[in-house]
Amino acid sequence: MSRITISVNGQELVGNSHQQLLEQLESAGLMPEYQCRNGVCGACRCKLESGHVNQKDAMAYVAAGEILTCQSVPVSDVSLTFDYQITSVPIAVNE
Ligand code: FES
C-alpha cells in the first residue's frame, strides 16, 4: 500500500494503491458517474491519460486507453480524464 497522486480532470488528489479508483474518488468528495459498480454497465468509464492500473476482468466495453474506475486499482500515480465535469459533494457550512 503506498500513497499515490490521482489527477482527475486536472485536479490532484491523494490516493492509495489498494482501493478501487471509484471508491477513492468518492472518498475525496467527488461524485463520478456509476451504475453497477461491477464492471458490467460501463458508466464509470474514463480515459487513463498516464500511469498504470490493475483492472479486473469486466464485461463492459472500454476503448483503447480507457478504464473502468469501479474495477481498477492504481499501481502508480495516475491521470484520469472524464468527458464530463465531475460534481463534488456539497460542503456543509455551520452558521
Ligand atoms: S459502474 Fe458499471 S462498469 Fe463501473
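In the predicted model, strand 4, which covers residues 45–50, pairs with strand 6 in the antiparallel sense, and three bridges connect the two. Within this pairing, Lys47 has Glu66 of strand 6 as its bridge partner. Strand 4 is also joined to strand 8, again by three bridges and with the two strands running antiparallel, and here Leu48 is matched with Leu80 of strand 8 as its bridge partner.

Strand 8, residues 78–81, is in turn paired with strand 1, residues 3–8, over three bridges, but in this case the sense is parallel. In this parallel pairing, Ser7 stands opposite Ser79 of strand 8. Strands of a sheet are held in such pairs through backbone hydrogen bonds, and the pairing may be either parallel or antiparallel.

Taken together, these pairings belong to an open sheet of five strands in the order 2-1-8-4-6, in which the pairing is mixed. Strand 2 (11–16) and strand 6 (66–68) stand at the edges of the sheet, and because each has a single partner strand, one side of each is left without a neighbour in the sheet. On average, neighbouring strands of this sheet are turned by 40° against each other when direction is ignored.

The two faces of strand 8 can be told apart by their residues, since Val78 and Leu80 form a covered face, whereas Ser79 and Thr81 form an uncovered one. In a regular strand, the side chains alternate between the two faces of the sheet.

A residue of the edge strand 2 was then examined, namely Glu12. Glu12 counts as exposed because 11 other C-beta atoms lie within 10 Å, where the limit for an exposed residue is 12 or fewer. When neighbours within four places in sequence are left aside, Glu12 is in contact with Thr5 and Ser7. Although Glu12 and Ser79 are 67 residues apart along the chain, their C-alpha atoms are separated by 8.6 Å.

For the chain as a whole, one helix and nine strands are found, and along the sequence these elements follow the pattern β-β-α-β-β-β-β-β-β-β. The radius of gyration is 13 Å, close to the 12 Å that the globule rule gives for 95 residues, and the chain is therefore as compact as a globular protein of that length. The C-alpha trace spans about 45 × 30 × 20 Å along its principal axes, and buried residues make up 24% of the 95 residues. Of the contacts between residues at least 6 apart in sequence, 49% join residues that are at least 24 apart.

Definitions and conventions
Residues numbered from 1 in each chain as written. Predicted model: local features only at pLDDT ≥ 70, side-chain atom pairs only at ≥ 80, totals over all residues. Pairing = 2+ DSSP bridges. Helix = DSSP H or I, 4+ residues; strand = E, 2+ residues; numbered from the N terminus. Axes fitted to C-alpha atoms, helices over the stretch in contact; angles between N-to-C directions. Buried ≥ 20, exposed ≤ 12 C-beta atoms within 10 Å, placed from the backbone. Contact = placed C-beta atoms within 7 Å. Rg over C-alpha atoms; globule rule 2.2 N^0.38 Å.
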